Amino acid sequence: MSAPYSKDRAHGKLQVNGHLNKTSITENLDESFEEELNAFLIDENHLHLYDDLTKVNPITTKTVLKCLQARYATEVFYTNAGCTVVAVNPFQPVYKLYSSEIMKQYHTAPHPQESKPHIFTVAEQAYRNVQSQIEPVNQSIIVSGESGAGKTWTSRCLMKFYATVAAAYDSHVANQTVERIESRVLDSNPVMEAFGNACTLRNNNSSRFGKYIQLQLNSTQQITGASIQTYLLEKTRVAHQAPSERNFHIFYQITNGATELERAEWNLPEGAQFSWLPNSDKKLEEDCFVVTKDAMLHLGIDHFIQNNIFKVLSGLLHLGNIHFADSLDESQPCEPLSEAKDFIAVTANLLRIPASSLLDMLRIRTITAGKQVFKKPCKKSECDTRRDCLAKTIYAKLFDWLVTVINESICAISDKWTNFIGLLDVYGFESFPQNNLEQLCINYANEKLQQHFVTHYLKAQQDEYAAEGLEWSFISYQDNQSCVALLEGNPVSVFSLLNEECRLNRSSDAAQLQSRLEKALSHNKCIGRDMFSKLPNFIVSHYAGKVQYQIEDMAEKNKDPVPPELLQLLQESEDSLLKKLFPDENNKVTDVNTHNRTAVVTVVSKFKGSLERLMQILHSTTPHYIRCIKPNMECKAMIFRKEEVLSQLEACGIVETIHISAAGFPIRISFQSFVGRYGIIAPWQSTLQSYIKDCSPAKKRRGNQPFSYCCTILLEVNNPK
Ligand SMILES: Nc1ncnc2c1ncn2[C@@H]1O[C@H](COP(=O)(O)OP(=O)(O)OP(=O)(O)O)[C@@H](O)[C@H]1O
C-alpha cells in the first residue's frame, strides 16, 4: 500500500498517488509532508476528537491509527471512515451505547449523520433509505472483521435496533397474540449461536458459519418477518476440536444443564467423559441451556422435538467414544475396544438404529461393481473416518433443518413484505499455521466481499467521476481480481483443478496435485509455493496477506464423501427426527464411489454457488459497511495493540476508503428522484423539463448523479444566465 497524501495537501486536487504528476509532487512534498504529519500528531489531546477520519489531515495509516487509538483510550469505540463505520471492540459491556433511549435518539435525529458515529447511524441510514424508496430500495449492511472483532455482537445490536424502531407497535394482533415477530427474530440468535458457535483460541463465542439475515419490512417499514441464509458450517468441529478449543456450545449446554430426568433419558450421567467434549471445565456465559430452550420454544420447537434433538446430540457424544483396535488379519473387521461396546449400544439406542447395523456400517465397506456387491473390512483409520462422517452428516443436517424451522417461524409470506434490510455476518479472513480447504473457502468468501466493496464503492465511485468529467485524480487501490480469478476463474483455477481431482474417481496424490496447480496457474502472480516445506502446499497472496495451504487431504475434503451404507442406516432409524432429516428420497444421494463422475457435487462448487447467489443479492441492494477491529488478541478490555490494529486496517484497505470518501461526493441520489423531489422549488418547470431533455445521453443514462451535480442543475435552472 503506498503512502497517501491528503486532499488539502495539494490544493484540493491531488489526493493519493494521483496519476497526475505523482512523482514530481511526491518528491517536492516529501519534506513538508513529514512536517505536516508531525504537526498533526504533536498535540495528542486533540486526536480523539476526530469523529470522521476523512477530516484527518494528512490521511495516512499512522494518523488514522493514532486517532483510533486516542479514541479508544477515551472509550469512544465508533469512528466514521467515509462510507464505513470503524468499530473497535471494547471487550467490555458498554450498556449506555445500546440502550433503547440511544436507539430512539438515533432513530429520531433530524440528521443522524451528524450524531456521534455509531452502528445505529448506519442502521438508521439504511432504514431511511428504505423509507425514501429511492432505488435500490433494499439495503445490505456488511459487517466484516477478523474472528473476535465483534461482527456477531454488532449484527445482534443491529437486529435489536430494528426490532425496536421498526416494531409493529400499532398492530393489536402483533401486540396481543403469541410472540411478536421481532422477538422471534431475536430469538433466532441464541439458537443459531448454541448450535453454530464454539469457543476457539481467538474468540470464546466464535461463529462457525456465515449468515445473511434479511429483515423483511412491509410498506410502512415495520418488521413483518425475516429469513436466514447460512454458509459453510464448520461441521468437522463435531468430531475434531483443535487443542484448547471446544465443540459447539450446545453439547456443553446439554451435558451441564440437563435436569436429572433429562440426564436419565439422554443417558448423560453426571461427570460422564466424552472424547468429543474437550475443555468442558471451561465455563462460558454462552453455556446457558435455559436460554436456548426458551428461544427454541418461542420459535415453535416444542419440548417433544427439543427432547428428540438433545437425545440425538447425546447419541453423537456417545458415538465419539467408540474406538477400534487395529485388526491383525485384514480379512477380519476391526474389533471395538472393550469399553466401546457399551457406547455402541447406547449410541444405537439414542439414534434408534440396530446396534449390529451401526457396528457393521462403521467397520465394513460395501463395494458395488456392476451387479455384484462385495463387503470389505475397513482399516482402523477408515473406521474412525466413518464414525466421524456419521457424526458430521447428522449434525450438518440437523443444523440445516433448524435453520429451515427457524425460517418457517420468522419468514413472512411474500405479500406481507415489500423490502428488506440484509445483515451479513461472515467469518473473517483466516490464516493458521495449518490451512486447508476450510480456510480456502473462508478466505475465498472474504475475497469476494472485498471485491464487492472495491467494485461497488471504490471503483464505481472513481469510474463515475471519470465519466462525469469531474475534476478528480485517481487513487490506486488494491484490486483483488487476479486473486479471485486464481481461485474461481475459468477455464482453469484452484477450484477447477480441485474439482477435476474429485471427478477422476481415484485416490488423490497431493504431490501430483501440487505440480498440476503450479503448472496450470503459473501465469497468475497470486500463487506461489513454500519451497522449503516438505509437505505439498501452495501459497495464495490474498488481499489481506499470504496464506499457505496444505494440499494433503484437500481433494478428499472437497469430495466430502458419505458412504451410501451410512445414509441407508440413517434412513432405517426409528427416530422421528432422524426420519425427517434422512427421508427415503436420500437414496438418490450421489455416491462419490460410483462411476457417475459428472454427478459429484463438491464442497467448493456448492460454496461457490451459494456465494454467487449472495453476491447477486448484495449487488441488488445499497450496501453499507461496518469494519470491526480487534484491538488485541487476548480479548481484553482497553488494550490497544498498534501492530495488530494496523494489520487489520491495512487488510481492509481502510486508508484508501477514507481518501476516496474525503475527496468524493458523499450524497448521491438518482437524477429522477432529485428532480421529482426538489423540482418543485424551480419556478420554471418548463425550463427544468427542457434542461433534463437537453442533458447529454451519458448524463441521462446514469441513474445516480452526484448530489452536487444535481444541485448545480437546480441552481442553473433557478438562475438562468
Ligand atoms: N460492542 C461491543 N461491546 C462489548 N463487547 C463486545 C462488543 N463487540 C464485541 N464484544 C466482545 O467481543 C467478543 C467477540 O465478538 P464477536 O463474537 O461478535 O466476534 P466475531 O467477529 O463475530 O467473531 P467470529 O468471527 O469468531 O464469530 C464478544 O463475545 C464480546 O465479548
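**Stop 1: the hairpin**

Select strand 1 (residues 78-81) and strand 2 in this predicted model. The two strands run antiparallel and are joined by 4 bridges. To see one pairing, pick Asn80; its bridge partner in strand 2 is Val85. Now go to the turn. There are 2 residues between the strands of this hairpin, and Gly82 takes a positive phi near 65°.

**Stop 2: strand 2 and its other partner**

Keep strand 2 (residues 84-88) selected. How many of its residues are buried? The count is 5 of the 5, so strand 2 is largely enclosed by the rest of the structure. Show the side chains. In a regular strand, side chains alternate between the two faces of the sheet. Here, Thr84, Val86 and Val88 point one way, while Val85 and Ala87 point the other way.

Add strand 14 (residues 622-629). Strand 14 pairs with strand 2 in the parallel sense, over 5 bridges. Pick Ala87 and look for its bridge partner in strand 14, Cys628.

**Stop 3: helix 8**

Move to helix 8, residues 249-257. This helix is mostly covered, with 7 of its 9 residues buried. Select the buried ones: His249, Ile250, Phe251, Tyr252, Gln253, Ile254 and Thr255. What do they pack against? Color helix 7 (181-196), helix 9 (260-266), helix 10 (289-298) and helix 11 (303-319), plus strand 4 (197-198).

**Stop 4: Thr230**

Next, select Thr230 in strand 7 (residues 223-231). Is Thr230 buried or partly exposed? Thr230 has 19 other C-beta atoms within 10 Å. Burial takes 20 or more, so Thr230 counts as partly exposed. Beyond its neighbours within four places in sequence, Thr230 is in contact with Phe209, Gly210, Lys211 and Val403. Now draw a distance from Thr230 to Cys383. The two residues are 153 apart in sequence, and their C-alpha atoms lie 30 Å apart.

**Stop 5: the ligand**

Center on the ligand and show the 21 residues around it. Which come nearest? They are Ser147, Gly150, Thr152, Trp153 and Ser206. Helix 5 (151-165) and strand 5 (206-207) each supply at least two residues of the shell. The largest share, 3 residues, comes from helix 5. Color the shell by class: 12 residues are polar, 8 nonpolar and 1 charged.

**Last stop: the whole chain**

Zoom out. The chain has 721 residues, and 42% of them count as buried. Its secondary structure comes to 28 helices and 16 strands. Among contacts between residues at least 6 apart in sequence, 72% join residues at least 24 apart.

Key
Residues are numbered from 1 along each chain as its sequence is written. This is a predicted model: local features need pLDDT of at least 70, side-chain atom pairs count only at pLDDT 80 or more; totals for chains, interfaces and linings use all residues. A residue is near a molecule or strand if its C-beta atom, placed from the backbone, lies within 6 Å of it. Ala, Val, Leu, Ile, Met, Phe, Trp, Tyr, Cys and Pro count as nonpolar, Asp, Glu, Lys and Arg as charged, and the others, Gly among them, as polar. A residue is buried if 20 or more other C-beta atoms lie within 10 Å of its own, exposed if 12 or fewer, and partly exposed in between; C-beta atoms are placed from the backbone. Two residues are in contact if their C-beta atoms, placed from the backbone, lie within 7 Å. Two strands pair if DSSP finds at least two bridges between them.
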